[in-house]
Amino acid sequence: MAPGVRLVQKVSSTRAFAKVAPYVVPVMDRTVHRLTRGKVLLSARMLPGLILTVPGARSGRLRTTPLACMPEKGTEQSWILVGSNFGRSGHPSWTANLLAGPDRAVVNWQGRDIPVHATLLEGEEREEVWRAALKFWPPYATYQARVEREIRLFRLRGRDDTAS
């Protein structure tokens with residue numbers, strides 16, 4: 001575990017963090033990511049991160065969101081996204097966008113744009129991935145305890161668009 005990770009986990013579990021982080025973390029991530037031409041994502045210093053671009057569910061306009069992710073072992077192009085919304089009550093908007101356009105998303109992973117297919121995880125598969133997510137980032141348990149909704153989990157897998 002990287003130095004300071006336990007402290008960040010404690011801080012990120014607080015209600016104060018949940019109020020402030022959604023307004024600060026994405027803005028910092030987008031700015032640094034743009035300035036470094038996709039080479040640096042600040043929040044990825046603690047957790048792996050990617051940039052998700054997907055059309056808005058209602059507007060159709062491209063929405064770009066920096067997100068923590070859980071890369072799946074043994075693959076170069078599969079990630080788990082946790083729709084925790086920092087433990088706030090509503091689902092994050094990017095989850096609705098993925099539900100509306102699961103084959104219209106692109107992730108920027110380590111400076112590369114990769115078209116992906118998104119699958120909402122349910123049932124036993126979701127439970128298995130949720131357990132892995134809690135080991136990966138324990139504050140997710142605090143986020144889930146704070147809200148009545150079930151936190152959405154998505155698996156994103158790279159898709160081959162060369163046949164289109």
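**Exercise 1: a helix across the sheet**

Find helix H3 in this predicted model and work out which strands it lies across.

*Solution.* Start at residues 93-100, which make up H3. Now look at what H3 lies across: strand E1 (49-55), E2, strand E4 (78-83), strand E5 (105-109), E6 and E7. To finish, check the direction: H3 runs at about 55° to E7.

**Exercise 2: ordering the strands**

Work out the order of the strands in the open sheet, and say which strands sit at the edges.

*Solution.* Strands of a sheet pair through backbone hydrogen bonds, so you can trace a sheet by going from partner to partner. Here the walk goes E2-E1-E5-E6-E7-E4-E3, seven strands with antiparallel pairing. The edges are E2 (62-68) and E3 (70-71), since each pairs on one side only.

**Exercise 3: following E5 and its partners**

Describe how E5 is paired, and decide whether E5 is largely enclosed or open.

*Solution.* Take one partner at a time.

- E1 joins E5 through three bridges, running antiparallel; Leu 52 has Val 107 in E5 as its bridge partner.
- E6 pairs with E5 over five bridges, again antiparallel, and Trp 109 stands opposite Arg 112 in E6.
- Between E5 and E6 there are two residues, which makes a hairpin; Gln 110 in the turn has a positive phi of about 55°.

Now for the surroundings: four of the five residues of E5 are buried, so E5 is largely enclosed by the rest of the structure.

Carry on one strand further and E6 (residues 112-120) meets E7 (residues 152-158), antiparallel, through five bridges. There, His 117 is partnered by Arg 157 in E7.

**Exercise 4: a buried serine**

Is Ser 78 buried or exposed, and which side chain does its own side chain join in a polar contact?

*Solution.* First place Ser 78: you'll find it in strand E4. Next, use the cut-off: buried means under 20% relative accessible area. Ser 78 has 5% relative accessibility, so it counts as buried. Its side chain joins that of Glu 72 in a polar contact of 2.6 Å. Beyond its sequence neighbours within four places, Ser 78 also touches residues including Arg 155, Leu 156 and Arg 157.

**Exercise 5: sorting an aromatic pair**

How are the rings of Trp 130 and Tyr 140 arranged?

*Solution.* By the ring-pair rule, there are four aromatic pairs. For Trp 130 and Tyr 140, the centres are 6.4 Å apart and the planes are at 35°, so this pair is tilted. Trp 130 lies in helix H4 (residues 123-136) and Tyr 140 in helix H5 (residues 139-146), so the pair ties together parts 10 residues apart in sequence. Both residues are buried. Add Tyr 143 and you have one aromatic cluster. Finally, the charged end of Arg 126 sits over the ring of Trp 130, 5.1 Å from its centre.

How values were computed. Residues are numbered from 1 along each chain as its sequence is written. This is a predicted model: local features need pLDDT of at least 70, side-chain atom pairs count only at pLDDT 80 or more; totals for chains, interfaces and linings use all residues. Side-chain values use heavy atoms; hydrogens and water are left out. Two strands pair if DSSP finds at least two bridges between them. Contact means heavy atoms within 4.5 Å. Axes are lines fitted to C-alpha atoms, for helices over the stretch in contact, and angles run from 0 to 180 degrees between N-to-C directions. Rings of Phe, Tyr and Trp (its six-membered ring) pair if their centres lie within 6.5 Å; planes under 30 degrees apart count as stacked, over 60 as edge-to-face and the rest as tilted. Buried means under 20% relative accessible area, exposed over 50%, partly exposed in between (1.4 Å probe, protein chains only). A charge sits over a ring if NZ of Lys or CZ of Arg is within 6 Å of the ring centre and within 35 degrees of the ring normal. A polar contact is a pair of N or O atoms within 3.5 Å; within protein, one must be able to donate a hydrogen and the other to accept it, and residues adjacent in sequence count only if both atoms are side-chain atoms.
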